[in-house]
Amino acid sequence: MPNKRFYHIGFGQDDLGSSPPSIALLSGDPERSHLISQTYLQDVRVLSENRGLNSYVGYLPNGSSVLSATSGMGAPSLSIVVNELIQVGIRQIIRIGTCGSIQPHITVGSVVISSAALCRQGAANDIAPVEYPAAADPFLTVALVKAARELEVEHYIGITASVDTFYEGQERTDSANPYLMRSLHGITEEYRRLNILNYEMECGTLFKMAGVYNFAAAAICGVVASRTDSENIILEQRDIAIKNAIATAVHAATTLA
């Protein structure tokens with residue numbers, strides 16, 4: 001919609017310039033979106049820093065334009081941002097996030113590329129029925145895998161558990177609420193036996209939106225916690241994991257744009 005600035009993202013089509021991007025690198029954390037724009041892109045312009053949903057437009061090494069945008073934490077916030085990004089012309093979205101692995105062979109500092117999601121998210125239920133598949137775009141996913149291989153980034157490909165809460169929903173008991181509902185006791189071990197690789201909080205809804213809205217979506221998450229060992233994030237490895245996820249996504253976007 002030309003000439004219209006969207007309420008949440010704070011910009012519209014006209015703000016994207018004469019060569020508007022069709023691909024967005026979407027981070028939950030505004031600092032990560034800023035880091036991508038300042039470290040990996042050229043000729044960057046600030047589109048908006050509205051509500052902490054920071055967005056920047058710049059150019060990849062091959063000269064193609066790309067958007068570095070912020071979704072905020074969790075699926076409800078992401079659903080708002082993605083809806084408005086599609087309205088300004090974005091057609092491919094790569095989520096760059098963080099996650100906790102639930103398989104013992106997946107190490108902190110590596111990345112998980114999600115082929116699909118077990119989607120346990122209320123926001124997604126407003127987009128499509130529970131049984132609607134939450135699947136990543138195969139071409140974007142392959143591009144991420146190729147990029148990880150070329151950069152020699154340790155990576156794993158498989159199904160992600162995408163849930164709404166960081167504490168209870170991921171079976172964490174070291175929090176303000178040590179008492180989980182009975183339905184959540186043992187959920188991590190159950191998911192582990194189903195060959196699910198990791199926990200995160202957004203990609204299930206993103207994948208369902210992609211199917212319904214008819215755009216391409218993929219997700220790559222840096223592994224910042226090993227839930228087979230501890231409930232805690234490993235701060236020493238967090239920056240390495242995030243750097244690996246960003247570098248892989250940018251490399252993939254460069255081949256796609």
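# Briefing on a predicted single-chain model

The protein chain carries 18 positive and 25 negative side chains, and the centres of these two sets lie 3 Å apart. The model is a predicted one, and its chain holds seven helices and nine strands. The points below begin with the chain as a whole, then turn to two helices, to loop residues with positive phi, and to a pair of strand residues.

**The chain as a whole**

- A compact globule of 257 residues would be expected to have a radius of gyration near 18 Å, and the value of 17 Å for the protein chain agrees with that expectation.
- Along its principal axes, the C-alpha trace of the protein chain spans about 55 × 40 × 30 Å.
- Of the 257 residues in the protein chain, 54% count as buried, while the area that the chain exposes comes to about 11,400 Å², with carbon and sulfur atoms supplying 52% of it.
- When contacts in the protein chain with a separation of 6 or more are considered, 76% of them are accounted for by residues 24 or more positions apart.

**Helix α2 and Ser77**

- Helix α2, which covers residues 75-87, has 13 residues and should therefore span 18 Å at 1.5 Å a residue; its end C-alpha atoms are 18 Å apart, in agreement with that figure.
- The buried residues in α2 are Ala75, Leu78, Ser79, Val81, Val82, Glu84, Leu85 and Ile86, and what covers them includes the strands β1 (23-27), β4 (65-70) and β5 (92-101), together with the helices α3 (122-127) and α6.
- As background to such a list, an α-helix has 3.6 residues a turn, so residues three or four places apart point the same way.
- Ser77 also lies in helix α2, but Ser77 is partly exposed because its relative accessible area is 22%, which falls between the 20% limit for buried and the 50% limit for exposed residues.
- Apart from neighbours within four places in sequence, Ser77 is in contact with Leu53, Ser71 and Gly72.
- Helix α2 is followed by Gly89, a residue with a positive phi near 115°.

**Helix α6**

- Helix α6, residues 203-213, is mostly covered, since eight of its eleven residues are buried.
- Those buried residues of α6 are Cys203, Gly204, Thr205, Leu206, Phe207, Lys208, Met209 and Ala210.
- Phe207, one of the buried residues of α6, has its C-alpha atom 15 Å from that of Ser77, and the two residues are 130 residues apart along the chain.
- Just after α6 comes Asn214, which takes a positive phi of about 70°.

**Loop residues with positive phi**

- Most residues other than glycine have a negative phi, which gives the background for the two loop residues described next.
- Arg51, a residue other than glycine, has a positive phi near 60°; Arg51 lies in the loop between β2 (42-48) and β3 (55-59), and with a relative accessibility of 54% it counts as exposed, the cut-off being over 50%.
- Glu152 is likewise not a glycine and has a positive phi of about 60°; Glu152 is found in the loop between α4 (138-151) and β7 (155-163), where its relative accessible area of 73% makes it exposed.

**Strands β6 and β7: Ser115 and Thr160**

- Thr160 lies in strand β7 and is buried, with a relative accessible area of 0%.
- Leaving out residues up to four places away in sequence, Thr160 touches Val112, Ser114, Ala116, Ala117, Leu118, Ile196, Asn198, Glu200 and Cys203, and Cys203 is also one of the buried residues of α6.
- The C-alpha atoms of Thr160 and Met209 are separated by 16 Å, with their positions 49 residues apart along the chain.
- Ser115 has its place in strand β6, residues 111-120, and is partly exposed, with a relative accessible area of 31%.
- Residues up to four places away in sequence again being left out, Ser115 touches Ala135, Ala136, Ile157, Gly158 and Ile159.
- Between Ser115 and Thr160 the C-alpha to C-alpha distance is 7.8 Å, although the two are 45 residues apart in sequence.

Note on methods: Residues are numbered from 1 along each chain as its sequence is written. This is a predicted model: local features need pLDDT of at least 70, side-chain atom pairs count only at pLDDT 80 or more; totals for chains, interfaces and linings use all residues. Side-chain values use heavy atoms; hydrogens and water are left out. Helices (H or I, at least four residues) and strands (E, at least two) are DSSP runs, numbered from the N terminus. The radius of gyration is taken over C-alpha atoms; the globule rule is 2.2 Å times the number of residues to the power 0.38. Buried means under 20% relative accessible area, exposed over 50%, partly exposed in between (1.4 Å probe, protein chains only). Contact means heavy atoms within 4.5 Å. Accessible areas come from the Shrake-Rupley method with a 1.4 Å probe; for residues, only the protein chains shown count as cover. Lys and Arg count as positive and Asp and Glu as negative; His and the chain ends are not counted. The place of a charge is taken as NZ of Lys, CZ of Arg, CG of Asp or CD of Glu. The expected span of a helix is 1.5 Å times one less than its number of residues.
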